[in-house]
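This report describes one protein chain, working from a single residue outward to sheets, helices and backbone exceptions. The sequence and the model are shown first.

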Amino acid sequence: MVESKRLSWRVFPVVVAVVCMAEGRVHAAPAGPHASATLRLRPKVQEISEASGVLRFDVSSLAGASIHRAQLVCHRDEMDGLDPAARENVEIFPLLAAFGKAADARTAARPLTLVGPWYDRFDATGIVTEWAAKRRNHGLYVKNFPKWRPGQTVLDVTVANQGAAKVRALVKGVKAFHRSGQTFVTWDEIDNTVPAPTIPWGELRKVLADLDAKRQVRYRVYRHDRPITPTSLHLAELLAEVAPLSALNVNARCVEYGIDKRLREVDISIPGPGYPERFHALGLPTRERGVGLDYPVGRYVIDTGADAKPLAPGKGLYVHTVAAPGTGHYAVTVAVDGVARSVALGAQARAVREAPAEPEPVVQGRLGASPHWDYPVKRYHYVQWCGSPKLCNLPSMAFSYGVSVPDRPPPAGPMPMELHFHHRDSSYYRPISRVRTDSLVVLPYDFPRPSGFYGYHESLGTLKSFSQGVVRNYTEERVLSLLRWVRGKWKIDPSRIACFGGTPGAVSSGPSGGAVAMWFGLKHRDFVNAAICDLPIVDTSTMERMGGPRYNRRPAWRYVHRERAWGRREWKIAEAGGRPAWEAQDCTAIARGLKPTEAAPFVAVGGNSAAIQKLIFLLRELRRPSWHESTWGTCPLLMIDGTSVTSDFQVGLRRDRSLPAVTHCSSDSEKHPNIRHSWGVRWDGSTIVDRPGRYEVTLRIQTNRASASVTANVTPRRLQRFAVTPGAGYDWTLSDAAPAAAGAKAAKPQSGRAKAAADGLLTVEGCTLTKAPRRLLITPAGQ
């Protein structure tokens with residue numbers, strides 16, 4: 001596996017590949033008619049450059065051996081889309097003649113092939129078989145290997161019928177069970193490196209760095225459709241090589257736990273991103289510094305019963321996602337310093353019946369109470385293991401999610417649901433705010449491969465290059481998988497699902513989840529009711545690379561994360577559909593592609609960038625319902641329906657209820673710092689009349705001036721029963737919904753006839769709205 005010195009980007013999957021520490025010698029297996037052993041050979045390396053060299057192996061001890069498998073295991077520093085060499089393929093060729101100069105090297109026509117699904121080693125069975133038969137052995141020519149670690153390159157050879165050697169260790173306690181398309185395999189590790197139930201991330205990070213200092217231990221997990229024996233082990237599928245401490249949920253670490261812990265201890269304030277560090281009492285913590293290192297990394301819970309507990313210290317874990325139905329037999333061996341023997345197989349797990357299914361998250365426990373965050377909810381931590389090519393690029397990856405279940409759900413009927421996208425340094429631990437008090441809140445985690453909740457290149461974490469594959473929307477698919485599970489587990493109102501991302505209270509200068517909420521809401525308009533977003537990235541293909549204040553411009557994290565995940569923008573690396581990945585999150589293209597009468601989410605936007613304003617102008621011209629306010633972000637825009645946390649006018653947004661698109665308001669402003677569009681308009685969703693031949697809605701404006709008025713155009717949207725015929729005429733009236741208060745001047749009633757456009761939209765122009773509610777009535781002409 002590849003590793004990174006940049007711990008903020010480092011991935012700690014459940015499974016890792018071998019890091020080679022053994023000496024360059026062959027270890028024989030115990031005697032047995034058909035026993036097998038995996039042997040390790042270290043090469044003599046002739047380095048030509050940092051990325052090329054020649055590998056020569058002494059295979060004299062393999063003479064006459066029956067070779068089942070030979071793999072060249074290689075390592076390099078982690079590469080991502082920031083690296084200029086990320087598109088360069090690793091090329092290793094068998095040499096056909098003694099090596100002299102690189103320009104004159106005689107090699108086989110084809111390089112060695114990478115072995116999936118880990119893509120961290122090359123198949124060398126053919127060439128090693130030739131070597132063992134005492135044919136030509138001129139070694140291997142490493143033509144190109146960016147960021148290569150030649151000292152960690154070894155040749156693992158699985159052979160049969162070798163001489164005797166001492167068996168060092170047996171794996172005990174192997175168990176397996178199947179649930180929801182996945183088989184969970186556990187075993188007793190031969191060492192208990194971390195005996196405590198939890199360990200702070202700052203301490204565990206050091207343990208992991210020194211894990212192989214004295215000796216290297218790896219557990220090899222095998223699967224077969226028949227019972228596995230020492231004589232048939234080489235026929236079984238080697239699923240993975242697992243490092244010790246695989247039951248620790250390393251990728252659940254987050255910064256909020258440390259912040260909460262500090263808040264309980266001292267009375268401090270925590271400014272948000274963008275503040276100078278000297279003003280930050282916690283030193284701008286991240287997952288890899290400051291209080292982020294206090295996170296207590298615990299062990300996974302894999303059972304779903306009421307009394308389920310974390311795995312005990314000393315347990316190993318691998319989760320296999322099955323692709324076809326059948327019976328699975330699992331076995332685990334241990335390799336110490338690279339040596340494994342089939343006769344050291346030990347006990348097997350009982351056979352399990354398996355069938356493909358969508359993986360279900362497993363609850364890990366309740367999240368602790370947070371100071372100054374006292375919404376009446378129960379917060380749960382869930383983990384979903386993913387191994388299918390649709391959800392992640394490597395097997396047995398575990399991802400964390402948060403679910404907040406309200407203590408006071410709606411008294412009758414299903415719950416609304418909020419999908420919250422966190423900003424850069426936040427996580428699944430808790431939402432940054434709430435829209436409603438009776439809604440269920442879902443918090444996915446864009447980690448350990450942050451990409452703006454879209455996905456990343458399938459080569460990341462492997463030896464494949466960015467030229468060998470595409471960017472896949474793994475993260476988006478995981479979010480959709482999670483939502484399907486949530487909607488099946490809890491009673492969710494399908495008409496009241498909103499996505500949220502932003503920093504309430506003001507437009508922050510740092511990256512926020514609003515960058516994602518608008519894109520996700522518009523793309524998944526088939527179920528999203530509203531998208532509430534602060535500082536959205538309107539189009540990743542044109543987003544600015546630099547961010548920060550004028551006095552300290554630097555690459556923006558929102559850009560850097562995507563660059564690491566997708567490759568440099570100018571490379572135009574494709575996503576699975578064929579278009580450049582940087583065009584995948586283009587809100588403008590999505591909005592333009594909507595059919596005129598197609599339902600789409602109500603959009604509330606905070607921010608004043610040119611791209612945001614351009615999108616707002618487009619939504620206005622398309623007569624799409626939206627609010628936009630540049631100065632105070634989306635915080636004043638959290639008036640949704642029912643039990644909103646604000647006391648403002650309830651607009652009652654529901655996908656099964658129509659709403660008015662109020663556009664071209666006379667109060668719209670395009671001058672900084674108060675850029676706003678349709679911002680002060682409110683309506684009463686609960687009293688809308690939407691039936692054949694009649695449409696009514698009550699509107700008003702939010703203002704402190706009793707005499708204020710706004711002229712605007714009103715287009716009914718998401719019509720349920722009221723039908724609009726293109727080209728037909730419709731009569732309308734607009735008058736006060738109730739008699740004017742004593743001493744107040746009533747607004748003059750309005751009436752007229754509007755003609756439906758050819759696209760099927762009906763717009764009533766020039767409506768005068770006031771602080772007092774006014775009722776708009778629309779009927780077919782002459783009715």
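## A buried arginine

In this predicted model, Arg-220 is buried because its relative accessible area is 2%, against a cut-off of under 20% for that class. Arg-220 belongs to strand β13, which covers residues 217–224.

Two polar contacts of the Arg-220 side chain can be listed. One joins the side chains of Arg-220 and Glu-241 at 2.8 Å. Another, at 3.5 Å, links the Arg-220 side chain to the side chain of Thr-38.

## The four-stranded sheet

Strand β13 is part of an open sheet of four strands with antiparallel pairing, in the order β14-β13-β17-β19. Its edge strands are β14 (237–242) and β19 (352–354), each of which pairs on one side only. On average, neighbouring strands in this sheet are turned by 35 degrees against each other, with direction ignored.

Strand β17 (residues 326–336) runs antiparallel to β19, and three bridges join the two. Within this pairing, Gly-326 stands opposite Glu-354 of β19.

## The ten-stranded sheet

An open sheet of ten strands has mixed pairing and the order β20-β21-β22-β24-β23-β27-β28-β31-β32-β34. The edges are taken by β20 (362–366) and β34 (676–677); each has a single partner strand, so one side of each is left without a neighbour in the sheet.

One parallel pair in this sheet is β28 (residues 530–534) with β31 (residues 602–606), held over five bridges. Cys-533 has Val-605 in β31 as its bridge partner.

Helix α5 (residues 514–523) lies across four strands, namely β23 (415–420), β27 (492–501), β28 and β31. The direction of α5 is at about 160 degrees to β28. Angles over 145 degrees count as roughly antiparallel, so the helix and β28 are roughly antiparallel.

## Helices α4 and α5

Two packed helices are described by the angle between their axes and the distance between the axes. For helix α4 (residues 474–489) and α5, the axes come within 13 Å and cross at roughly 65 degrees. The two helices are therefore roughly perpendicular to each other, and their crossing is right-handed.

Which residues meet where α4 and α5 pack? From α4 come Glu-476, Val-479, Leu-480 and Leu-483, and from α5 come Trp-519, Phe-520 and Lys-523.

## Helix α6

Helix α6 spans residues 557–566 and is mostly covered, with eight of its ten residues buried. The buried residues are Tyr-559, Val-560, His-561, Arg-562, Glu-563, Arg-564, Ala-565 and Trp-566.

What covers these buried residues includes helix α5 and the strands β25 (456–457), β26 (471–472) and β30 (554–555). After α6 comes Gly-567, with a positive phi near 90 degrees.

## Backbone exceptions

Most residues other than glycine have a negative phi, and most peptide bonds are trans. Cis peptide bonds and positive phi values are therefore worth listing against that background.

A cis peptide bond joins Gly-116 and Pro-117, with omega about 0 degrees. Pro-117 is in the loop between β6 (113–114) and β7 (121–123). Phe-447 and Pro-448 are also joined by a cis peptide bond, with omega about 15 degrees. Pro-448 is placed in the loop between β24 (440–444) and β25.

The loop between β24 and β25 also holds Phe-453, which has a positive phi of about 60 degrees although it is not a glycine. Phe-453 is buried, with a relative accessible area of 3%. Ser-396, likewise not a glycine, has a positive phi near 55 degrees. Ser-396 lies in the loop between β21 (377–386) and β22 (397–406) and is buried at a relative accessible area of 1%.

## The chain as a whole

The chain contains eight helices and 42 strands. Of its 783 residues, 58% count as buried. Among contacts between residues at least 6 apart in sequence, 73% join residues at least 24 apart.

Note on methods. Residues are numbered from 1 along each chain as its sequence is written. This is a predicted model: local features need pLDDT of at least 70, side-chain atom pairs count only at pLDDT 80 or more; totals for chains, interfaces and linings use all residues. Side-chain values use heavy atoms; hydrogens and water are left out. Two strands pair if DSSP finds at least two bridges between them. Contact means heavy atoms within 4.5 Å. Axes are lines fitted to C-alpha atoms, for helices over the stretch in contact, and angles run from 0 to 180 degrees between N-to-C directions. Buried means under 20% relative accessible area, exposed over 50%, partly exposed in between (1.4 Å probe, protein chains only). A polar contact is a pair of N or O atoms within 3.5 Å; within protein, one must be able to donate a hydrogen and the other to accept it, and residues adjacent in sequence count only if both atoms are side-chain atoms. Angles under 35 degrees count as roughly parallel, over 145 as roughly antiparallel, 65 to 115 as roughly perpendicular and the rest as oblique. A crossing is left-handed if the near helix is turned anticlockwise from the far one by less than a right angle, and right-handed if clockwise.
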